[in-house]
Every structure is written in structure tokens, then in C-alpha cells.
Amino acid sequence: MLERALAYLEEKHTCPHCDTELTLCYAPPMHVGDGLGWGSEFLFICLNN
């Protein structure tokens, strides 16, 4: 499982809208149980304005 997760992080992820590389960021610290959480500790986000 850990090997698969690390391999996923090594892949290049691009934005489907602007085709720039996505940045790996920590998800905001919200509790998942309250319905406001992201369901993941990390997110790939596009920082292109």
C-alpha cells in the first residue's frame, strides 16, 4: 500500500483546464466527521491564476 502511494506521488499530475503541473499541498485541518473535511491529508491543486 505504501509503495503504491509513493508511486502515485512521483507521477506528474496536470491541471485539466490549463495543463500546468499541480502542486501537492496539505489539506486544511478540518475534521472529516463533521462533513466539512476533504477526506485526504494531501491535495493536488493548481496554483495558476
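This tour moves from the whole chain to a few selected residues and a surface patch.

**The whole protein**

Begin with everything displayed, and bear in mind that the model is predicted. Colour the chain by pLDDT: the average for the protein is 80, and 84% of the residues score at least 70. Next, switch to a cartoon view, in which one helix and two strands make up the secondary structure. Followed from the N terminus, these elements come in the order α-β-β. Which element has the highest mean pLDDT, and which the lowest? Strand β2 has the highest, at 86, and α1 has the lowest, at 77.

Now display the surface. The protein exposes about 4500 Å², of which carbon and sulfur atoms supply 58%. Of the 49 residues, 8% are buried. Among contacts with a separation of 6 or more, 23% join residues 24 or more positions apart.

**First stop: His13**

Select His13, which is found in the loop between α1 (2–10) and β1 (23–26). Is this residue buried or exposed? His13 counts as buried because its relative accessible area is 13%, and the cut-off for buried is under 20%. Show the surrounding side chains as well: beyond residues up to four places away in sequence, His13 touches Tyr8, Thr20, Glu21, Leu22 and Phe44.

**Second stop: Leu43**

Move on to Leu43, which belongs to strand β2 (residues 42–45). Which residues does Leu43 contact, once neighbours within four places in sequence are set aside? They are Thr23, Leu24, Cys25, Ala27, Pro28 and Trp38. Pick out Pro28 from this group and draw a distance between the two C-alpha atoms. Leu43 and Pro28 are separated by 15 residues in sequence and by 9.4 Å in space.

**Third stop: the nonpolar patch**

Return to the surface view and select Leu2, Leu6, Tyr8, Leu9, Leu24, Tyr26 and Phe42, which together make a nonpolar surface patch of about 740 Å². Two elements, α1 and β1, each give two or more residues to this patch. Which element gives the most? The answer is α1, with four residues.

**Last stop: Leu2**

Finish by selecting Leu2 alone. Leu2 lies in helix α1 and is one of the residues of the nonpolar patch. Why does Leu2 count as exposed? Leu2 counts as exposed because its relative accessibility is 61%, and the cut-off for exposed is over 50%. For a final comparison, display Leu2 together with His13: Leu2 is exposed, whereas His13 is buried.

Conventions:
Residues numbered from 1 in each chain as written. Heavy atoms only, no water. Buried < 20%, exposed > 50% of the residue type's maximum accessible area, 1.4 Å probe, protein only. Contact = heavy atoms within 4.5 Å. Patch = residues over 30% accessible without salt bridge, like charges linked within 9 Å, V, L, I, M, F, W, Y side chains within 5 Å. Areas by Shrake-Rupley, 256 points an atom, 1.4 Å probe, with all protein chains shown as cover. Salt bridge = Lys/Arg side-chain N within 4 Å of Asp/Glu carboxyl O. pLDDT = per-residue confidence, 0-100.
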